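I opened this notebook page to record what I looked up in one chain, step by step. The entries follow the order in which I asked my own questions.

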Amino acid sequence: MNKLILLLVLFLTSVNCLAQDDDILPACVMINAGINLTDITQKNYVYSSKAQPGFNVAAAFRSNGDFYLLGGLQYLQINPKVIETSSGVSEQISLSYFQIPVMAGLQIVKSDDLTKCFHAQLGGSFTTVIDVADNDFGVTKDSFRKTGFTVKAGIGADLWNFIIDLHYNLLMTKVYDDPGYNNKATPMSWELTVGDNFNLNNN
C-alpha cells in the first residue's frame, strides 16, 4: 500500500508540473469529511441487508485545468445492517477501510471569476479492509478479501474555498466467502462530503 501511495503522489505531481501554464483552474489540496449510506448488493437467500449511515474523511490532491486528475487517501467506516433471512435476526456490522482513489474530472460550468464551478468525476479506488467490529454473526476481518477495486463516480461543486461532492461507490471485488452459498456480495454506498481546498498556485 505504501508503494501505491508513493506512485500516486509522483504521478499527480508530474501531471501538475506539465500543466503549470494552465492558470484557468489552479491545483489544490482538499480536506473533506462527510457521511455515507451503505448497503450490500447481490444479496443471496441466506442474508439480506438494509442501508445504514457511516462516516468518511479524506485528503486529496487535484491537478489544475478544466480537465484534471484527482488522487488521495480516504478513510471510511460503513455500517450495513445484515439480516439472517430464516430467523429474522439482524445486526449492524461496522467495517473500516482505506481507499486510494484515482479519478478524472471535468469542470462543466464555471463562473467568470472561477469562484463557483460545477464538476463531474469518474474513476476508481484501491480498497483495503483494516478492521471489522465484533458481531454475533462471526464475521471477522479474515472473512474478507483484504484488497479490492471500487468503481467511483460523482458530481460536485466548488463554491469559493468550499467543495461539495456526491459520490457513488461500488466495490467490484467479492468480499465475503461462506462455503456452500452464493455469497458474491459487495458493498455499495453513496457519499456526501463537504471540504475545504487550498490553492497551490497562489503567488
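The entries below go from the whole chain to single residues.

**Entry 1: the whole chain**

I note at the outset that this is a predicted model, and I read every value below with that in mind. I began with the secondary structure, which comes to 1 helix and 11 strands; reading along the sequence, I found the helix placed ahead of the strands, in the pattern α-β-β-β-β-β-β-β-β-β-β-β. I then looked up burial and found that 45% of the 203 residues count as buried. For the exposed surface I wrote down about 10800 Å², with carbon and sulfur atoms supplying 63% of it. Turning to contacts with a separation of 6 or more, I recorded that 64% of them are between residues 24 or more positions apart.

**Entry 2: aromatic rings**

How many aromatic pairs does a search of the whole structure find? The search gave 4, and I followed two of them in detail. The ring centres of F55 and Y75 are 6.0 Å apart with their planes at 50°, and because edge-to-face requires over 60 degrees while stacked requires under 30, this pair is called tilted. F55 belongs to strand 3 (residues 52-62) and Y75 to strand 4 (residues 67-78), so the pair ties together parts that lie 20 residues apart in sequence. I checked the accessibility of both residues: F55 has 37% and counts as partly exposed, and Y75, at 23%, is also partly exposed.

Y75 has a further partner in F98, with ring centres 5.9 Å apart and planes at 65°, so I entered this pair as edge-to-face. Here the link is between distant parts of the chain, since F98 sits in strand 7 (residues 95-110), 23 residues from Y75 in strand 4. F98 has a relative accessible area of 26% and is partly exposed. Taken together, F55, Y75 and F98 are linked into a cluster by ring pairs.

I also noted a charge over a ring: the charged end of R62 sits over the ring of Y68, at 5.2 Å from the ring centre.

**Entry 3: enclosed space**

I next asked where empty space is left, which rolling a probe the size of a water molecule over the atoms shows. The count came to 4 cavities of 30 Å³ or more, and the largest cavity holds about 170 Å³ of space. Which residues lie nearest the centre of the largest cavity? Of its 17 lining residues, those nearest the centre are N32, A58, L70, K152 and H167. I then sorted the lining by element and found that strand 1 (28-41), strand 3, strand 4, strand 7, strand 10 (162-171) and strand 11 (186-199) each supply at least two residues. Strand 4 gives the most to this lining, with 4 residues.

**Entry 4: single residues**

Is Q107 buried or exposed? Q107, in strand 7, has a relative accessible area of 5% and is therefore buried, the limit being under 20%. Leaving aside neighbours within four places in sequence, I found Q107 in contact with L25, R62, G65, D66, Y68, C117, F118, H119 and D158; among these are R62 and Y68, which I had already entered as the charge and ring above.

G156 lies in strand 9 (residues 147-159) and is buried at 7% relative accessibility. Beyond four places in sequence, G156 touches C117, F118, H119, I164 and D165. I also looked up the spacing of G156 and L192, whose C-alpha atoms are 9.5 Å apart in space although the two are 36 residues apart in sequence.

D39, in strand 1, took more care, because its relative accessibility of 18% still falls under the 20% limit, and D39 therefore counts as buried. Its contacts, again without neighbours within four places, are S49, K50, A51, T186, P187 and M188.

From D39 I went on to A51, which lies in the loop between strand 2 (47-50) and strand 3 and, at 33% relative accessibility, counts as partly exposed. With residues up to four places away left out, A51 touches L37, T38 and D39. I closed the entry with a long sequence separation: A51 and S189 are 138 residues apart along the chain, and their C-alpha atoms are separated by 8.4 Å.

How values were computed. Residues numbered from 1 in each chain as written. Predicted model: local features only at pLDDT ≥ 70, side-chain atom pairs only at ≥ 80, totals over all residues. Heavy atoms only, no water. Buried < 20%, exposed > 50% of the residue type's maximum accessible area, 1.4 Å probe, protein only. Contact = heavy atoms within 4.5 Å. Areas by Shrake-Rupley, 256 points an atom, 1.4 Å probe, with all protein chains shown as cover. Phe/Tyr/Trp six-rings, centres within 6.5 Å; stacked < 30°, edge-to-face > 60°. Lys NZ or Arg CZ within 6 Å of the ring centre and 35° of its normal. 1 Å grid on protein atoms, 1.4 Å probe; cavity = no way out; pocket = protein on both sides within 12 Å on 5 of 7 lines; lining within 4 Å. Points joined across faces, edges and corners; volume = space filled by probe spheres on them.
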